Amino acid sequence: MAIHFSSAVEAEATAYSGRITLFVVLSCVTAAMGGVIFGYDIGVSGGVTSMEAFLEKFFPAVYARMRGDTRVSNYCKFDSQLLTAFTSSLYVAGLFATFAAAPATRGFGRRPTMLVGGASFFAGAALGGGATTVYMVIFGRVLLGIGLGLTNQAAPLYLSEMAPPRYRGAFNNSFQFSIGIGALSASFVNYGTEKIPGGWGWRVSLALAAVPALLLSLGVLFLPETPNSLLQQGGDHLAAKRVLQQIRGTADVDAEFDGLVAAADASRGIRRPFCRILRREHRPHLVMAVAIPFFQQVTGINVIAFYAPVLIRTIGLGESAALLSAVMTSVVGSGSTLISMFVVDRVGRRALFLVGGIQMLVTQVIIGGILARQLGDDGGVSRGYAYLLLVLIAVYVAGFGWSWGPLGWLVPSEIFPLEIRSAGQSITVAVNFLFTFMVAQTFLAMLCRMRSGIFFFFAGWLVAMTAFVYWMLPETRNIPMEQMGKVWREHWFWKKVVGASQGADPKMNDLS
């Protein structure tokens, strides 16, 4: 029943001239620093919340329970709303920042938005590293969230618009790969700083977030704006065409440029893109903008990313082992995302979604079963089972790393026509932050109350999202962004919603 893209649209995509140039690679590497920032924060927050010196200074009640309060269940030792507020405050700030990011990327461009986001993240990292009270730490997280809200809006759009259509999946997946690199860097940093005498290593971990923020801010100063954004802002057509020729490495860009001009002309006539996206012809875009980031968060990945060290300490391993496990999962996640970058434009998005979903489902069920049988309210599991759980977590992370991790950013960023692209990406990022916040804020309490059942909870969502992809998501591999409307009009379900005859002109099919 699943409908794939038409061969006619794919043929037109491959007819576009151009190649992967050093210029576009360097531009995309710099833009992907936004992913490094995101990944570093995810990794560093999970690590420092397992450091005893950090807990003793800012969360003494949690520290006391962890040190041996036998009256508290293993599953409840880290249950603290203040501790979860440290993690989730970033995502509340990011949620609100995305609504400012949508008009910013549309009116001022992708490049200035990334620049402001990098500066905000730099300030938040400095404040966190020098914090003396828990409120300073949390306010630093708020500044980090503002930076993430801006960069997560602009960077995926920048990557999708700069990349040649036939390689768009690989380039956009570099954003998730960069998230993995950031998380891996944070894991190594946490593992090293935990051993610094005097208990101030957590300050180094938090402050070093300023490094990728500085690299992004400085690098953006030398980046060009995307041709799509230049045209959307009413810029000179010749200047936009020169940029397109430069990033494609050829003067023969007329076919692609004509599509960009047509999309930009339609976009400038749209004054209220958030109202426009509610129209019937954009119903599949709106559904995907909400469903894909929602499903990405209820895979349970951020439970692993935020709290893997906490989970490892829960099952009985020590502080160093917990931080080392985070290094392992980061290496696996980065490696699997790298694999996805090489295969996503060959095997397609749907195949990776389905394989990764099934892989994560199986491992969640096994992890839940082992914990239900082996881990009680006190004591720990045997060392053999502890290491088996580490292996299962690694298999789970690999499944996410080549499916819902990169594709959760790729697919929403490539499906929107230009006139609603900023609004659609803003909705995607806002939903992502909203449910990241909800999962982060509630997980420790859910772990305390549901025990091992929490893993079966996420397994149920994995069943739902895998079925959703199979029935509702068409293939988007190799389709130019300005011609994406055809995949919805050929899909077994969405053609009933958008109308099979809408937009007869293939070059204008997304401009209605």
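## A guided tour: salt bridges, a surface patch and selected residues

Begin by selecting Arg168, Asp345, Arg349 and Glu414, which are joined in a network of salt bridges. The model on display is a predicted one. Across the whole structure, a search returns eleven salt bridges, and several further examples are visited below.

### The whole chain

Before continuing, display the chain as a cartoon. Its secondary structure amounts to 25 helices and zero strands. The chain has 512 residues, and 63% of them are buried. Colouring by accessibility will help in following the burial values quoted at each stop.

Consider next how the chain contacts itself. Of the contacts between residues at least 6 apart in sequence, 83% join residues at least 24 apart. Switching to a surface representation shows an accessible area of about 17,800 Å², and carbon and sulfur atoms account for 68% of that area.

### Salt bridges between helices

Select Arg141 and Asp41. Their closest N and O atoms lie 2.6 Å apart, and the two residues form a salt bridge. Arg141 belongs to helix H8 (residues 134-162) and Asp41 to helix H3 (residues 33-48), so this pair ties together parts that are 100 residues apart in sequence. Are these two residues buried or exposed? Both Arg141 and Asp41 are buried.

Remain on helix H8 and select Glu161 together with Arg421. Their side chains meet in a salt bridge with an N to O distance of 3.1 Å. Arg421 is placed in helix H22 (residues 418-450) while Glu161 is in helix H8, so the pair ties together parts that are 260 residues apart in sequence. Arg421 and Glu161 are both buried.

The next selection is Arg248 with Glu256. These residues form a salt bridge in which the closest N and O atoms are 2.9 Å apart. Arg248 has a relative accessible area of 1% and is buried. Glu256, at 9% relative accessibility, also counts as buried.

### A nonpolar patch on the surface

Return to the surface view and select Leu115, Phe122, Leu214, Leu218, Leu221 and Phe222. Together these residues make a nonpolar surface patch of about 590 Å². Which helices each supply at least two residues of the nonpolar patch? They are helix H7 (110-129) and helix H11 (210-220).

Within the patch, centre the view on Leu218, which is found in helix H11. With a relative accessibility of 44%, Leu218 counts as partly exposed.

Now move to Ser120, a residue of helix H7. Ser120 counts as buried because its relative accessibility is 13%, below the 20% limit for that class. Setting aside neighbours within four places in sequence, the contacts of Ser120 are with Leu143, Ile146 and Gly147.

### Val24 and its surroundings

Select Val24, located in helix H2 (residues 22-31). Val24 is buried, its relative accessible area being 0%. Which residues does Val24 touch, not counting those up to four places away in sequence? They are Met162, Phe171 and Ile247. A distance label between C-alpha atoms is useful here: Val24 and Phe171 are 147 residues apart in sequence, and 9.7 Å separates them in space.

### Ser178 and its polar contacts

The following stop is Ser178, in helix H9 (residues 168-193). Ser178 is buried, with a relative accessible area of 9%. Show side-chain and backbone atoms together at this point. The side chain of Ser178 reaches the backbone oxygen of Ser174 at 2.7 Å. A polar atom of the Ser178 side chain also lies 3.3 Å from the backbone oxygen of Ala32.

Ala32 appears again in the contact list of Ser178: leaving aside neighbours within four places in sequence, Ser178 is in contact with Ala32, Gly35 and Val36.

### Trp471

Finish at Trp471, which lies in helix H23 (residues 453-472). Is Trp471 buried or partly exposed? With 38% relative accessibility, Trp471 counts as partly exposed. Add His491 to the selection and label the distance between C-alpha atoms. Trp471 and His491 are 20 residues apart along the chain, and their C-alpha atoms are separated by 9.6 Å.

Note on methods
Residues numbered from 1 in each chain as written. Predicted model: local features only at pLDDT ≥ 70, side-chain atom pairs only at ≥ 80, totals over all residues. Heavy atoms only, no water. Salt bridge = Lys/Arg side-chain N within 4 Å of Asp/Glu carboxyl O. Helix = DSSP H or I, 4+ residues; strand = E, 2+ residues; numbered from the N terminus. Buried < 20%, exposed > 50% of the residue type's maximum accessible area, 1.4 Å probe, protein only. Contact = heavy atoms within 4.5 Å. Areas by Shrake-Rupley, 256 points an atom, 1.4 Å probe, with all protein chains shown as cover. Patch = residues over 30% accessible without salt bridge, like charges linked within 9 Å, V, L, I, M, F, W, Y side chains within 5 Å. Polar contact = N/O pair within 3.5 Å; in protein donor to acceptor, adjacent residues only side chain to side chain.
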